[in-house]
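Biologist: Got a minute to go through this model with me? I'd like to start with the charged side chains and then move on to the overall fold.

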Amino acid sequence: MPRTFLSIQYLRGVAAVLVVYFHTKVYLADYAWGLPRKFGYSGVDLFFCISGFIMMHTTLGRPMRPVAFLRRRFERVYPLYWLLTLTSLGLYVVLPSAFIDGSATLSHAVLSLLLIAHDDAPVLKIGWTLVYEVYFYALFAIMLLIPRKGPRMLALLATITGLVALGALLTPQSPVLQTYTHPFLLEFLAGAVLGYALRSERFPVLPGVVLFGCVLVGMLLMGLGAERQSGDGFSRVAWFGSGATLIVFAGLCRERQGQLFEAPWLRELGDASYSLYLAHPFVLTAFRQVGRRLGLAAASPLAEGVVVSTAILVSIGAGWLLYRFVERPLQAFVRGRRTRRPSATDIDPGAPIPAPLGS
């Protein structure tokens with residue numbers, strides 16, 4: 001069974017671009033754009049489902065100590081996030097007018113750097129989804145104490161559904177408790193179920209037309225959900241989470257049957273998805289600032305559309321450059337700091353799937 005799934009890499013890239021597309025609605029709200037953008041919000045749900053899949057699939061059938069697992073996850077998530085969070089803090093001090101909103105107290109900055117849920121979004125607001133990622137990693141690390149894959153899957157299922165049910169029953173007012181019992185956890189769980197099923201060789205063999213139908217239904221759920229779902233609770237998960245799960249499922253089925261197309265550029269986009277995800281708010285903020293100075297928001301609808309399109313393309317290019325010249329060397333440096341040879345229990349369980357948007 002392949003260690004890297006092309007369908008997952010492709011979908012990572014797609015999810016990152018969806019996030020960028022949605023955020024043009026936030027950062028470039030004054031610019032005319034005739035097409036709907038709210039469906040791009042579903043990129044986060046796609047990311048969460050993919051993350052659950054990777055964590056489950058890559059840790060089944062091999063010994064993996066919780067501490068080693070968490071170290072690998074943290075090495076992957078934190079270095080680039082810290083670099084860009086500190087950059088954001090510096091810019092906030094030097095040029096606070098460039099920020100839509102924000103705060104920079106010491107406690108807020110520390111909790112943001114640690115990706116611990118608190119009463120406000122992280123300093124680098126896009127990092128709010130990374131708070132969920134790190135929380136899921138912590139829950140999953142506990143599950144690794146269970147050696148057999150069946151009981152491990154059942155324990156994860158019981159834990160997540162229990163937490164979400166508790167949140168639904170108690171409806172906590174604390175943002176911290178809301179985060180740690182949020183229905184978003186069900187999207188990680190859906191991905192984990194797919195990972196377990198694939199490892200257990202229980203994936204069905206479906207004809208291409210059925211899989212194509214799954215993708216269409218998934219896209220339809222995301223599109224309709226953009227207009228019909230309300231808030232970020234169960235309604236969102238029902239629309240976006242279900243759509244994301246169907247799309248991931250169809251991609252994995254197609255690849256398992258050896259019928260997935262090769263697209264090196266899309267795979268490269270998937271590799272750069274974390275950098276793209278973290279970097280695009282800086283690019284869109286720069287476009288907003290320059291647009292204000294040049295009065296571009298008051299130009300013709302065509303000119304405004306060109307600005308939005310260019311901002312998306314520049315964001316993708318900047319994300320790739322950050323990946324190529326910062327993220328990848330930074331990862332090599334961090335992993336090169338280890339003085340001992342990694343053991344079989346330290347196998348890297350795939351790259352983490354960053355979160356997506358934060359508006």
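**Salt bridges, cysteines and fold**

Modeller: Sure, let's start with a pair: the side chains of Arg71 and Glu75 form a salt bridge, 3.7 Å from N to O. By salt bridge I mean a side-chain nitrogen of Lys or Arg within 4 Å of a carboxyl oxygen of Asp or Glu. Keep in mind that this is a predicted model, where local features need pLDDT of at least 70 and side-chain atom pairs count only at pLDDT 80 or more, while totals for chains, interfaces and linings use all residues. Residues are numbered from 1 along each chain as its sequence is written, and side-chain values use heavy atoms, with hydrogens and water left out.

Biologist: Where do Arg71 and Glu75 lie?

Modeller: Both are in helix 3 (residues 66–94), 4 residues apart, which is about one turn of the helix. Helices here are DSSP runs of H or I with at least four residues, strands are runs of E with at least two, and both are numbered from the N terminus.

Biologist: Is Glu75 buried or exposed?

Modeller: Glu75 is buried, at a relative accessible area of 12%, whereas Arg71 is partly exposed at 25%. Buried is under 20% relative accessible area, exposed is over 50%, and partly exposed is in between, using a 1.4 Å probe and protein chains only.

Biologist: What does Arg76 form a salt bridge with?

Modeller: Its partner is Glu327, with the closest N and O atoms 2.7 Å apart. That pair links distant parts of the chain, since Arg76 sits in helix 3 and Glu327 in helix 13 (residues 301–336), 251 residues apart. Arg76 counts as buried at 7% relative accessibility, and so does Glu327 at 3%.

Biologist: How many salt bridges does the structure hold?

Modeller: There are 4. Another of them joins the side chains of Asp232 and Arg236, at 2.9 Å from N to O. Salt bridges with shared partners tie Asp45, Asp232 and Arg236 into one network. Arg236 is buried, with a relative accessible area of 0%, while Asp232 is partly exposed at 31%.

Biologist: Switching topic, how many disulfides are there?

Modeller: A search of the whole structure finds 0, where a disulfide would be a pair of cysteine sulfur atoms within 2.5 Å.

Biologist: Why no bond for Cys49?

Modeller: The closest cysteine sulfur, in Cys253, is 12 Å from the Cys49 sulfur, so they are too far apart for a bond. For Cys253 the closest cysteine sulfur is in Cys214, 7.4 Å away, again too far. Cys49 is buried at 0% relative accessibility, and Cys253 is buried at 1%.

Biologist: OK, the fold then. How many helices and strands are in the protein chain?

Modeller: The protein chain has 13 helices and 0 strands. Helix 1 (residues 6–27) has 22 residues and reaches 31 Å from its first C-alpha to its last, close to the 32 Å expected; that expected span is 1.5 Å times one less than the number of residues. Helix 1 is largely enclosed by the rest of the structure, because 18 of its 22 residues are buried.

Biologist: And how does the radius of gyration compare with that of a compact globule?

Modeller: They agree: the protein chain has 20 Å, and a compact globule of 359 residues would be near 21 Å. The radius is taken over C-alpha atoms, and the globule rule is 2.2 Å times the number of residues to the power 0.38. The C-alpha trace spans about 60 × 50 × 45 Å along its principal axes.
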